[in-house]
Amino acid sequence: MKEFIQNLPKAELHLHIEGTLEPEMMFELAQRNDIDLPYESVSQVKEAYNFEDLESFLDIYYQGSQVLQQERDFYDLTWAYLEKAASQNVRHTEIFFDPQSHTDRGIAFETAYRGIYQALQDGKAKFGISSQLILSFLRHLSQDEAFATLKQALPYKDTMVAVGLDSAEQGNPPSKFKEVFDKARAEGFLTVAHAGEEGPPEYIWEAIDLLKVSRIDHGVRSMEDPKLLDYLVEKQIPLTVCPLSNVELKVFDSMAKHNLKQLLNLGICATVNSDDPSYFGGYIAENYQAAQSALDLSRQEIYQLAKNSFQASFLPPESKHKLITEVDEYCGLAIET
Ligand code: HPA
Ligand code: ZN
C-alpha cells in the first residue's frame with residue numbers, strides 16, 4: 001500500500017509554500033541572510049512544533065517565514081518542495097503564497113512572486129509538474145490591506161489562477177472580505193477560502209454564497225450541517241482536506257477520529273493535501289498514508305481521492321481527462337497485479 005500511494009499520480013491543491021520550509025533550510029537561509037534565530041539546533045526547532053491550535057501554529061509559521069529575504073530564497077524553497085513532490089509522483093500542484101507575510105516585513109511583492117514563479121516554471125521543465133499559483137489574503141488583517149495586495153498582484157494576474165483566504169479563522173469570517181473577492185473575480189481570478197477548519201459551518205456557507213468559491217480549503221466542520229453536506233454533494237464543491245494538519249492542530253483528537261472517510265463516502269469531492277508539510281510531519285504521500293492506515297481506507301478509496309484531486313483542480317478539461325486516465329490505468333494495473 002505504501003508503494004501504491006507513493007507512485008499514485010496525484011494533484012496537490014492545498015499547500016502553503018511558506019509551510020514547506022524545513023528546519024535545515026531555515027538555518028541555511030538564516031545564515032545566508034545574517035538573521036538570528038530563536039533556536040540553537042534543528043532538533044530544538046522540531047521541539048517547538050508542538051501546537052495547541054491554529055493560532056499557536058501561525059505564530060511559529062510567520063516567525064519561520066522571516067528567513068525568506070531574497071528572490072533566490074523563495075526560489076530555493078519552492079524548488080525543494082518540487083523535488084519532494086516529484087519523488088511522490090505529484091503531477092500537478094496549486095500553491096498558496098502569502099504576500100502580506102513578506103511585504104509587511106519590507107520584502108517586495110515581486111521578490112517573493114518572482115522566486116516562486118521561476119521555480120514553478122523550472123519544475124515544469126525538469127519534472128513535468130504543472131502548477132498554478134493562488135494568492136492568499138491574511139484574514140487577521142483588514143480588507144483594505146487585502147485590496148492593496150490585490151493591486152500589487154494585478155500586473156501578474158495572468159500567472160495566478162485564484163485568490164484565497166488563510167490565517168486565523170475564528171472571528172475573521174469570509175464576509176469580512178466580500179468586496180475584495182468581488183474585485184478579484186471581476187479581474188478574472190477564481191476564488192477559494194479556508195473555512196470550517198476551526199470555524200463553524202456558517203463560514204463555509206459564507207465562502208460559498210458571498211465569496212463564490214470554487215473549492216473549500218479544509219471544510220471538515222461541514223459534517224455538523226446536514227444541509228451543507230447535501231449542498232456540497234449536489235454541487236460537487238470540493239474540499240481540500242489536510243489530515244496531518246488537522247491532527248497536529250487538534251481539529252481532531254487523533255487520525256482515527258478524522259472524518260475524511262465519512263466525507264468521501266457521502267459522495268463529497270474530498271481530496272488529500274499536506275497544508276504545511278514541514279510543520280505537520282509529512283508531505284502528500286505521508287498524508288495519504290496516515291489517513292489510509294488510521295481509517296483503513298481501501299485501494300478503491302485511495303483511487304477515488306486521487307481522481308478527485310484532478311477533478312477538483314483548476315486544470316483545463318483536457319488535462320484533467322488525461323491525468324484521470326493515468327490514475328485509472330495506474331490503479332487498474334496495480335489492483336490486478
Ligand atoms: N489554516 C489557516 N491558515 C494557514 C494554514 C491553515 O491551515 N496554513 C498556513 N496558513
Ligand atoms: Zn491551509
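Start with two helices: select α10 (residues 201–209) and α11 (residues 226–235). Their axes come within 10 Å and cross at roughly 35°. Keep in mind as you look around that this is a predicted model. As for handedness, α10 makes a left-handed crossing with α11. To see who does the touching, show the side chains of P201, I204, W205 and I208 on α10, then add K227, L228, Y231 and L232 on α11.

**A second helix pair**

Now jump to α5 (71–87) and α7 (residues 109–127). What angle do α5 and α7 make where they pack? It's about 35°, with the axes 7 Å apart. The crossing of α5 and α7 is right-handed. On the α5 side, the contact residues include F74, Y75, W79 and L82; on the α7 side, among them are T111, I116, L120 and F127.

While you're here, click on L68, which sits in the loop between α4 (54–65) and α5. Is L68 buried or exposed? Buried: its relative accessible area is 0%, and anything under 20% counts as buried. Setting aside residues up to four places away in sequence, L68 touches E18, L29, D73, F74, L77, H102, R105 and I107. Of these, F74 is also one of the α5 residues that meet α7. For a sense of how the chain folds back, pick T111: T111 and L68 are 43 residues apart in sequence and 9.7 Å apart in space, C-alpha to C-alpha.

**The sheet**

Next, hide the helices and colour the strands. Eight of them form an open sheet, and its order is β1-β2-β3-β4-β5-β6-β7-β8, with parallel pairing. Look at the edges: β1 (10–16) and β8 (270–272) each have a single partner strand, so one side of each is left without a neighbour in the sheet. Turn the view to look along the sheet and you can follow its twist, which averages 25° from one strand to the next.

Zoom in on β2 (residues 90–97) and β3 (residues 130–138), which run parallel and are joined by six bridges. To find one such link, select F96; its bridge partner in β3 is I134. Then click on T93, also in strand β2. T93 has 0% relative accessibility and counts as buried. Beyond its neighbours within four places in sequence, T93 is in contact with E12, Y81, L82, I129, S130, S131 and Q132.

Move along to β4 (162–166) and β5 (190–195). These two also run parallel, with two bridges joining them. Where is A162 in this pairing? It stands opposite L190 in β5. How many of the residues of β5 are buried? Five of its six, which leaves β5 mostly covered.

**Helices on the sheet**

Bring the helices back and select α9 (residues 178–186). This helix lies across β3, β4 and β5, and it runs at about 160° to β4. Another helix to show is α15 (residues 284–295), which packs on the sheet and touches β1, β2 and β8. The direction of α15 makes about 105° with that of β1.

Just ahead of α9, stop at F177, in the loop between β4 and α9. F177 is buried, with a relative accessible area of 0%. Its contacts, not counting residues up to four places away in sequence, are L138, R139, L141, S142, Q143, A146, L165 and L211. One of these, R139, is 38 residues from F177 in sequence but 8.1 Å away in space, C-alpha to C-alpha.

**Last stop: the zinc ion**

Finally, select ligand 2, the zinc ion. Which residues coordinate it? H14, H16 and H194, each through NE2, and D275 through OD, at 2.0 to 2.2 Å. In sequence, these donor residues follow the spacing H-x1-H-x177-H-x80-D. Two of them show how distant parts of the chain are linked: H16 lies in strand β1 and H194 in strand β5, 178 residues apart. H16 and H194 are both buried. Check the geometry last: angles among the four donor atoms run from 82 to 172°, and the site is irregular.

Conventions: Residues numbered from 1 in each chain as written. Chains lettered and ligands numbered in written order. Predicted model: local features only at pLDDT ≥ 70, side-chain atom pairs only at ≥ 80, totals over all residues. Heavy atoms only, no water. Pairing = 2+ DSSP bridges. Helix = DSSP H or I, 4+ residues; strand = E, 2+ residues; numbered from the N terminus. Axes fitted to C-alpha atoms, helices over the stretch in contact; angles between N-to-C directions. Contact = heavy atoms within 4.5 Å. Donors = N, O, S within 2.8 Å, 3.2 Å for Na, K, Ca; no water. Tetrahedral: all angles 85-135°; square planar, octahedral: opposite > 155°, others 65-115°. Buried < 20%, exposed > 50% of the residue type's maximum accessible area, 1.4 Å probe, protein only. Left-handed = near helix turned anticlockwise from the far one by under 90°.
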